[in-house]
Amino acid sequence: MKTVYIKDTTLRDGSHAISHQFMPKDISEIALSLEDAGADIISVGHGDGLGGSSLQYGLGAITDLQYVNAAASVLNKAKLQVLLLPGIGTINDLKLAKKHGANVAGISTHITEADIAEQHIKVARDMGMFTIGYLIMCHMESTEKLTEQALLMESYGAEVIYITDSAGAFLPHEVKQRVCALKNNLSIPVGFHAHNNLGLAIANSLVAIKEGATYIDSSLMGFGAGAGNCSTEMLLAVLKKMEIPTNMDLYKTIDAGNQVLLPLLKEKGVSLPRFTSDTLMLGYAGVYSSFLIHVKKAAEQFDVDSRDVLVELGNRKAVGGQEDWIIQVAHEISLNSLS
């Protein structure tokens with residue numbers, strides 16, 4: 001069995017769960033503990049990547065460069081990743097991040113929009129950054145569309161392609177189909193990024209590994225958006241029992257969660273993500289966790305069931321930037337209930 005490379009997203013996806021309020025000291029301490037545990041890649045930054053700090057996506061406590069500097073100042077072995085979503089972050093943002101110590105670029109687009117990442121992927125490669133292409137909200141499209149878009153990212157120069165289950169909506173057989181398709185059509189490694197809204201983050205990650213994915217995203221104690229990400233500790237424990245090699249130390253990873261992350265969260269009054277009926281509905285409907293607060297408000301305003309609003313948004317394949325649909329959908333459901 002090939003070695004599975006772990007990219008820990010505590011300091012990037014976890015930023016959503018702490019309202020983008022990590023401070024430089026927090027970042028340095030967590031990054032150092034992850035490096036000591038053997039993480040291959042550590043992802044840092046605002047939850048929505050470079051340039052994400054805004055009224056629309058949530059104002060961060062610090063700047064992109066403060067994120068990068070805080071991690072780069074303590075890392076010697078682990079690679080340091082920044083995420084860029086074209087249209088939010090810019091090539092100049094990426095160049096500055098590289099200058100300050102980032103050496104991995106994650107270029108992320110919606111499952112149907114790989115073509116907008118061409119220049120960003122090419123610039124990252126030209127700068128010598130290890131370049132990963134992420135296709136997000138992959139549950140919304142067919143395996144054929146995923147393969148088509150992944151091939152585009154590979155043609156631009158991406159060195160790994162990630163299947164991203166942004167809403168935690170995939171079932172194991174769907175993960176199997178998609179990983180198999182990419183393994184059969186790409187000449188570069190495949191990665192998988194899970195969320196736990198349906199309680200399947202570990203199971204789906206294991207299916208991805210079984211079918212040939214060699215890069216897996218996870219976070220300490222599953223700290224991330226919605227019901228959280230795949231837990232790094234749990235993933236390592238299962239892989240160790242299955243005798244699947246990684247470069248991480250299980251005990252040191254557990255200690256990083258218990259001795260570094262948990263006290264920090266307690267100090268800030270922040271709880272770990274957990275399963276709730278709301279996160280279940282996010283996975284069931286297949287929508288972004290950021291929609292939830294707006295759906296709740298709209299459902300109350302129009303006296304409708306928030307679950308119905310989420311499901312209809314999922315049916316319409318709503319994505320980030322289409323939050324205006326939430327009011328429209330709630331209003332339509334209200335009118336239909338009166339007819």
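In this predicted model, helix H9 (residues 232-241) and helix H10 (residues 250-268) cross in a left-handed manner. Their axes come within 9 Å and cross at roughly 165°, which makes H9 roughly antiparallel to H10. On the H9 side, the contact is made by Thr232, Glu233, Leu236, Ala237 and Lys240. These residues meet Leu250, Thr253, Ile254 and Gly257 of H10.

A second helix pair makes a useful companion to this one. The axes of helix H13 (residues 306-315) and helix H14 (residues 324-338) come within 10 Å, with a crossing angle of roughly 120°. An angle of this kind falls in neither the parallel, the antiparallel nor the perpendicular range, so H13 and H14 are oblique to each other. Their crossing is right-handed. Where the two helices touch, H13 contributes Asp308, Val309, Glu312 and Leu313, while H14 contributes Trp325, Ile326, Val329, Ala330 and Ile333.

The loops on either side of H13 are also worth a look. Asp303 sits in the loop between helix H12 (292-302) and H13, and Lys317 sits in the loop between H13 and H14. As background, most residues other than glycine have a negative phi. Asp303, however, has a positive phi, near 55°, and Lys317 has a positive phi near 60°. With a relative accessible area of 71%, Asp303 is exposed. Lys317 counts as partly exposed, because its relative accessibility is 41% and the partly exposed range runs between 20% and 50%.

Turning to the strands, 8 of them close into a barrel in the order S1-S2-S3-S4-S5-S6-S7-S8, with parallel pairing. On average, and with direction ignored, neighbouring strands of this sheet are turned by 25° against each other. Strand S1 (residues 5-11) has a partner in strand S8 (residues 215-218); the two pair in the parallel sense over 4 bridges. Within this pairing, Ile6 stands opposite Ile216 in S8. Helix H9, already met in its crossing with H10, packs on the sheet and touches both S1 and S8. The direction of H9 makes about 160° with that of S1.

S1 also pairs with strand S2 (residues 41-44). These two strands run parallel and are joined by 3 bridges. Asp8 has Ile42 as its bridge partner in S2, and Leu11 has Val44. Of the 7 residues of S1, 6 are buried, so this strand is largely enclosed by the rest of the structure.

S2 is covered on both faces. In a regular strand, the side chains alternate between the two faces of the sheet. Here Ile41 and Ser43 lie on one side and Ile42 and Val44 on the other, and all of these residues are buried. S2 pairs in turn with strand S3 (residues 79-84), again in the parallel sense and over 3 bridges. Ile41 stands opposite Lys79 in S3. Between these two strands, the chain passes through helix H3 (residues 64-72), forming a right-handed β-α-β crossover.

The way from S2 to H3 leads through a loop that holds Ile62. Is this loop residue buried or exposed? Ile62 counts as buried, because its relative accessibility is 8%, and the limit for being buried is under 20%. Leaving out residues up to four places away in sequence, Ile62 touches Phe22, Met23, Pro24, Ile27 and Tyr67. Ile62 and Gln21 are 41 residues apart in sequence, yet their C-alpha atoms are 7.5 Å apart in space.

Further along the barrel order, strand S4 (residues 104-110) contains Ser108. With a relative accessible area of 6%, Ser108 is buried. Which residues surround it, once neighbours within four places in sequence are left aside? Ser108 is in contact with Leu83, Leu84, Leu85 and Pro86, and also with Tyr134 and Ile136. Among these contacts, Leu83 and Leu84 fall within the residue range of S3.

Conventions:
Residues are numbered from 1 along each chain as its sequence is written. This is a predicted model: local features need pLDDT of at least 70, side-chain atom pairs count only at pLDDT 80 or more; totals for chains, interfaces and linings use all residues. Side-chain values use heavy atoms; hydrogens and water are left out. Buried means under 20% relative accessible area, exposed over 50%, partly exposed in between (1.4 Å probe, protein chains only). Two strands pair if DSSP finds at least two bridges between them. A crossover is right-handed if, with the strands pointing away from the viewer, the path from the first strand over the helix to the second runs clockwise. Axes are lines fitted to C-alpha atoms, for helices over the stretch in contact, and angles run from 0 to 180 degrees between N-to-C directions. Angles under 35 degrees count as roughly parallel, over 145 as roughly antiparallel, 65 to 115 as roughly perpendicular and the rest as oblique. A crossing is left-handed if the near helix is turned anticlockwise from the far one by less than a right angle, and right-handed if clockwise. Contact means heavy atoms within 4.5 Å.
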